[in-house]
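Colleague: I have just started reading protein structures and would love some help. Could we go through one together?

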Amino acid sequence: MHKLEKKLVIIGGGPAGLAAAKTAFDKGITDILILERDFELGGILPQCIHNGFGLHHFKEELTGPEYAQRFINDVAERAIEIKLNTMVLDVKENKKVYAVNKTEGFFEIQAAAVILAMGCRERTAGAIGIPGTRPAGVITAGTAQRYTNIEGYLPGKEVVILGSGDIGLIMARRLKLEGANVKAVCELLPYTGGLTRNVVQCLEDYDIPLLLNHTVTGIKGNGRLKAVEISEVDKNLKPIPDTAKIIKADTLLLSVGLIPENELSKKANVVLDQRTGGPIVNEGRETNIPGIFACGNVLHVHDLVDWVTEEAEIAASWAVKYIKKDFLKETAAIKVKAGQNVSYVIPQKIELQADDRKKIPLYMRVSQPLTAVNINLFADGEKLYSFSEPFAKPGEMISIPLAQKTLAQHENLQEISVEIVEKEGE
Amino acid sequence: MIETKTLTCVACPKGCEVTIEYEGNEIIEIKGNTCPQGSAYAREEIVAPTRILPTTVIVKAGALPLVPVKTSKAIPLEIIPDAMEIIAKLEIEAPVKMGDVILKNILETGADVVATRNLPVLKA
Ligand SMILES: Cc1cc2nc3c(=O)[nH]c(=O)nc-3n(C[C@H](O)[C@H](O)[C@H](O)COP(=O)(O)OP(=O)(O)OC[C@H]3O[C@@H](n4cnc5c(N)ncnc54)[C@H](O)[C@@H]3O)c2cc1C
Ligand code: SF4
């Protein structure tokens with residue numbers, strides 16, 4: 001077997017992997033290898049042809065392919081080694097990475113540090129248990145996006161979409177503009193899972209109905225989908241029998257959630273968080289395995305690629321410190337806890353020694369939509385400070401800074417916790 | 001007739017619910033915005049809503065059959081279906097570079113249709 005050695009191996013050439021490579025290179029680690037199973041770089045972005053990317057990172061509005069192209073160009077300028085059409089099959093705790101491609105066959109790379117950047121995959125019909133047959137025409141929204149935007153054919157003419165996540169909303173508009181009749185977007189919950197701008201610009205602009213508290217209760221058709229049955233749901237999200245309606249449709253798109261892609265992480269004994277589906281990490285995005293880092297959608301599902309980039313920069317900066325052995329951990333980690341109305345916080349723990357940082361960004365999601373909120377930060381139960389926001393929505397990740405000063409002021413700190421609560425009397 | 005509409009401001013991720021009262025193109029009152037950008041947004045949404053149009057163009061001999069494109073600036077929402085029809089008829093040849101102008105001044109809007117990625121020629 002062919003064997004290589006690299007300082008830094010990055011698994012996945014999407015926006016997370018690309019930004020990580022660029023940052024590590026600029027911070028002095030140039031012996032980098034990006035492994036990507038696809039025939040090109042960019043991850044999922046080349047198929048996300050709509051605009052709305054980069055407002056935070058570049059302060060201008062780009063499309064998905066443009067956002068990717070900028071990072072692809074940055075990586076090309078830096079002479080970073082890339083292997084395309086290369087599938088990583090295994091990663092070990094000792095940072096040996098096993099991959100395969102047509103020209104080199106099966107090979108091994110011994111890395112000093114590894115960054116996991118494999119992204120996520122979509123939940124499928126099998127994963128959500130819709131009753132009925134499985135005729136052709138029932139596909140995930142991401143697959144439909146690939147057919148329409150990359151491969152160049154329309155998945156169908158009469159479309160129903162289940163789930164109001166961003167990919168579902170974006171595809172509602174895209175298929176409508178390509179001439180399909182998009183009959184409805186059904187959402188089980190009483191609120192949408194997507195960004196507000198997508199509800200406005202994808203559904204309201206084109207009068208596509210958004211049916212909240214609705215789900216698909218039946219799939220009809222042999223061979224090809226003919227119709228779907230939809231029903232309203234009650235407070236417990238159970239279908240109400242006499243509300244069932246049949247909608248003629250040849251295509252049902254599923255936009256019912258993304259799952260971080262962690263098969264490889266598990267092989268390396270990386271411990272996962274039940275809530276995020278991704279690894280448990282410290283503030284450097286290092287997993288429980290020293291020298292194995294994670295960033296982007298493999299760590300937790302992001303709604304904006306801008307945060308993916310920021311997270312990749314964090315992971316790469318710490319991977320560089322790890323490789324340069326400029327990396328010290330406190331003896332006891334500070335736990336970061338998700339308090340009231342917070343579904344998760346990344347990082348899950350704080351344990352790295354750093355004199356040069358001013359703040360640690362805490363990424364979090366609210367568990368239900370709230371208005372006029374205070375985001376409160378506590379150190380071992382003592383309130384530190386509070387940020388106020390007019391809204392908090394589960395579809396939009398929140399980032400708040402934890403000041404390094406605060407950490408320095410509290411000796412033997414055990415726990416930082418965050419809660420998101422509505423202001424009283426409003 | 002005076003009409004009232006509630007819009008979700010998309011000028012920033014906060015998404016304030018802005019209520020606007022208007023008669024034809026004349027704005028009477030704007031409420032619910034937390035900043036001036038919100039009232040500018042609501043005004044434009046009533047008087048002349050515009051959007052950037054992202055779509056794809058057919059490519060001959062490219063590594064992929066399509067190249068993604070967008071309008072270089074926002075165009076009136078109401079002409080988007082017409083613009084789609086024009087863009088659907090275009091066919092270009094690889095290689096394509098990000099920023100290449102595929103069609104100038106679509107429908108006299110002053111916006112060009114530009115490529116949003118590089119696309120090399122298909123290797124034999
Ligand atoms: C179908 C879909 C559509 C999306 N649409 C939008 C959208 O419209 N707007 C938006 O803001 N966000 C969208 N997202 C979220 C978007 O994915 C993220 O913002 C961003 O692309 C995440 O970057 P990433 O690098 O973490 O993951 P990805 O972009 O998914 O990149 C991961 C890369 O890792 C590679 N990889 C995985 N496993 C292996 C392996 N074993 N060996 C080698 N390579 C591997 C993959 O091929 C891929 O290139 C979408 C996600 C999905 C799944
Ligand atoms: S009104 Fe201002 S604060 Fe509110 S969403 Fe619009 S831009 Fe943001």
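Modeller: Happily; we will look at a ligand site, a helix, a buried residue and a pair of domains. Keep in mind that this is a predicted model.

Colleague: Let's begin with the ligand. Which residues come nearest to ligand 1?

Modeller: A good habit is to list the neighbours before looking at single contacts. There are 32 residues around ligand 1, and those that come nearest are Ala16(A), Glu36(A), Ile44(A), His50(A) and Asn297(A). By class, this shell holds 16 nonpolar, 12 polar and 4 charged residues.

Colleague: Which parts of chain A supply at least two residues of the shell around ligand 1?

Modeller: Among them are helix 1 (15–26), helix 4 (141–151) and helix 8 (305–323), and strands contribute too, namely strand 6 (87–91) and strand 9 (120–122). Now step back to the domains: domain 1 (1–122 + 258–327) and domain 2 (124–256) of chain A each give at least three residues to the shell.

Colleague: How do I read the polar contacts of the ligand?

Modeller: Look for pairs of N or O atoms within 3.5 Å. Here, a polar backbone atom of Ile44(A) is 2.9 Å from an oxygen atom of ligand 1. A polar backbone atom of Pro15(A) lies 3.3 Å from an oxygen atom of the ligand. With Arg37(A), a polar side-chain atom is involved, 3.1 Å from a ligand oxygen.

Colleague: And how much of ligand 1 does the protein bury?

Modeller: Taken alone, ligand 1 exposes 970 Å², and the protein buries 94% of that.

Colleague: Next, the helix. Why does the span of helix 2 of chain A agree with what it should be?

Modeller: The expected span uses 1.5 Å times one less than the number of residues. Helix 2 (residues 64–77) has 14 residues, so it should span 20 Å, and its end C-alpha atoms are indeed 20 Å apart. Its buried residues include Tyr67(A), Phe71(A) and Val75(A). After helix 2 comes Ala79(A), which has a positive phi, near 50°.

Colleague: Is Glu311(A) buried or exposed?

Modeller: Buried means under 20% relative accessible area. Glu311(A) has 0%, so it counts as buried. This residue is found in helix 8 of chain A, and its side chain makes a polar contact with the side chain of His300(A), at 2.9 Å.

Colleague: Finally, how is chain B divided?

Modeller: Chain B has domain 1 (3–48) and domain 2 (54–115). Taken over C-alpha atoms, the centres of these two domains of chain B are 30 Å apart.

Methods:
Residues numbered from 1 in each chain as written. Chains lettered and ligands numbered in written order. Predicted model: local features only at pLDDT ≥ 70, side-chain atom pairs only at ≥ 80, totals over all residues. Heavy atoms only, no water. Near = heavy atom within 4 Å. Polar contact = N/O pair within 3.5 Å; in protein donor to acceptor, adjacent residues only side chain to side chain. Areas by Shrake-Rupley, 256 points an atom, 1.4 Å probe, with all protein chains shown as cover. Helix = DSSP H or I, 4+ residues; strand = E, 2+ residues; numbered from the N terminus. Nonpolar A, V, L, I, M, F, W, Y, C, P; charged D, E, K, R; others polar. Domains from an automatic or database assignment. Buried < 20%, exposed > 50% of the residue type's maximum accessible area, 1.4 Å probe, protein only.
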